[in-house]
Amino acid sequence: MAVTPLRERKAWQALQQQHGQLAGRHLRELFAEDPQRGERLVAEAAGLYLDYSKNLVTDETMRLLVELATESGLAEHRDAMFAGQHINVSEDRAVLHVALRMPAGTSLMVDGEDVVAQVHEVLGRMREFAGRVRSGDWKGQTGKRIRNVINVGIGGSDLGPVMAYEALRYYSDRDMTFRFVSNVDSTDFVEATRDLAADETLFIISSKTFGTLETLTNATSARAWVAGQLGEEAVAKHFVAVSTNAERVAEFGIDTANMFGFWDWVGGRYSMDSAIGLSTMVAIGPDNFDEMLAGFHEMDEHFRTAPLAANLPVLMGMLCVWYGCFFDAQTVGVMPYDQYLKRFPAYLQQLTMESNGKHVTLSGGQVDYQTGAVFWGEPGTNGQHSFYQLIHQGTKLIPVDLIGFGKTLNPLRDHHDILSSNVFAQAQALAFGKTEAEVRAEGTPENVVPHRVMQGNRPTNVLLAEVLTPRLLGTLVALYEHSVFTQGVIWDIDSFDQWGVELGKVLAKQIVPELESKQEPALAHDSSTNALIRRYRSLKN
């Protein structure tokens with residue numbers, strides 16, 4: 001659907017004026033002029049409470065951001081996605097991660113097929129398999145039950161499962177060990193298997209095409225590890241596949257009855273709730289996995305139906321656009337104050353940057369504005385003792401999402417109150433800082449005063465939920481998925497392809513034989529690459 005170029009949209013031009021008016025304002029002034037903004041600039045849905053009052057915005061700013069979303073056709077693009085239209089234009093595909101969590105009994109016809117029925121057929125097979133492994137009914141080659149599960153994948157086939165396992169470890173079967181191998185660096189595989197017995201270990205090989213170089217390299221080493229201890233005939237009992245390529249799966253030695261498929265309308269970074277989440281289901285059980293899907297779906301429905309001005313993903317997405325395009329903010333920090341979410345920022349790095357790291361519009365034109373920000377973060381309170389210094393007193397504007405919970409899954413003395421106090425204290429300190437007068441009033445020596453001034457005016461979102469559950473995790477992931485979608489629509493880019501990932505892979509495959517060659521290879525790269533290859537070969541030999 002054609003849209004007016006971004007800089008020509010009326011709301012964009014009005015926001016430029018709005019930025020000029022706000023650039024010299026301080027959050028201290030905005031709160032002084034409007035003491036109730038902390039109770040008004042909030043939104044709530046699906047178990048999540050969002051306080052966005054500590055952002056460099058007014059009511060008029062938010063009105064204009066919503067107007068920009070409307071003018072950009074956000075509602076129409078959103079409806080097209082939910083209807084299964086081919087909104088991934090460069091690959092001519094539907095984008096239907098939302099179908100992965102639609103309830104059984106609903107229907108969505110895409111290209112003549114009911115994709116929801118297909119999803120639930122795979123989910124049913126996953127539940128049966130997970131139940132057999134968890135109960136001990138699935139036996140390895142020697143008749144022992146499976147006690148160790150290793151997911152082998154990379155990108156979305158690893159980041160989603162490992163994040164979900166760490167996030168939901170509280171709900172996992174503690175009699176089982178779950179590990180994840182993604183890096184082609186041999187150390188990753190060796191350390192993951194060092195203390196395990198092959199006859200109690202099951203590998204889940206996750207690769208859509210069953211041709212990803214890193215995954216197949218690790219899978220081949222896993223096969224050799226199992227066969228070396230148990231014989232080649234053990235492969236069928238110690239390997240299953242998440243893939244769509246039955247021929248390659250069979251060639252590898254995996255029984256295709258133990259292959260779990262997914263579809264080309266699911267991008268890797270959106271696939272943790274598909275068969276790619278098989279290790280998650282084995283870890284937490286089918287019922288908890290269903291709860292996670294319900295959380296995803298609840299946020300999907302909120303995004304699909306809520307007015308834009310009260311829509312959590314829209315609000316967060318538009319604030320990212322606001323800071324990136326008008327304040328030239330280059331990064332966004334995501335700081336979960338829950339140790340179980342320690343891998344959540346890493347998961348978001350792929351979700352956000354692979355989606356919106358684009359430099360051309362849907363029609364192929366060059367963009368002349370900022371697109372995807374760099375996402376990063378660490379769990380609180382760890383980051384407070386390292387990089388928060390830069391956020392508080394550095395020269396860069398870094399918007400931050402702070403994620404907190406009313407309850408902890410592991411109550412211990414006053415730990416959770418101390419942890420949570422930091423969520424609110426950091427948001428307050430970043431917003432309001434500390435003035436020279438306040439520093440002097442503390443009796444600070446004059447020569448030290450400038451060093452202790454905190455300028456404040458650093459924006460934050462605070463997200464609060466009751467407790468981290470499988471359902472809440474689904475809600476939280478869907479929130480960021482739809483925020484990413486919102487940003488992509490505004491920027492008129494394709495958030496669902498990832499051609500930039502491919503070039504390095506292609507070149508690496510060309511270079512591997514040159515590194516392995518017994519004879520000095522004829523090199524035809526640039527002088528730097530040629531010299532590096534020669535140096536590597538000399539170090540290797």
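1. Two strands count as paired if DSSP finds at least two bridges between them, and strands (E, at least two residues) and helices (H or I, at least four) are DSSP runs numbered from the N terminus. In this predicted model, local features need pLDDT of at least 70 and side-chain atom pairs count only at pLDDT 80 or more, while totals for chains, interfaces and linings use all residues. Residues are numbered from 1 along each chain as its sequence is written, and side-chain values use heavy atoms, with hydrogens and water left out.

2. An open sheet of five strands, paired in parallel, follows the order 6-5-7-8-9; its edges are strand 6 (177-181) and strand 9 (259-260), each of which pairs on one side only. Strand 5 (residues 148-152) is joined to strand 7 (residues 201-206) by five bridges in the parallel sense, and Asn151 has Ile204 in strand 7 as its bridge partner.

3. The largest nonpolar core (buried Ala, Val, Leu, Ile, Met, Phe, Trp, Tyr and Cys residues joined through side-chain atoms within 4.5 Å, where buried means under 20% relative accessible area with a 1.4 Å probe and protein chains only) has 132 residues, of which Trp265, Trp322, Phe344, Leu473 and Tyr480 touch the most other members. A second, separate core of 24 residues includes Ala198, Ile205, Trp225 and Met259.

4. The structure holds zero disulfides, a disulfide being a pair of cysteine sulfur atoms within 2.5 Å. Why is Cys325 without a bond? Its sulfur is 10 Å from the closest cysteine sulfur, in Cys320, and is therefore too far for a bond.

How values were computed: Buried < 20%, exposed > 50% of the residue type's maximum accessible area, 1.4 Å probe, protein only.
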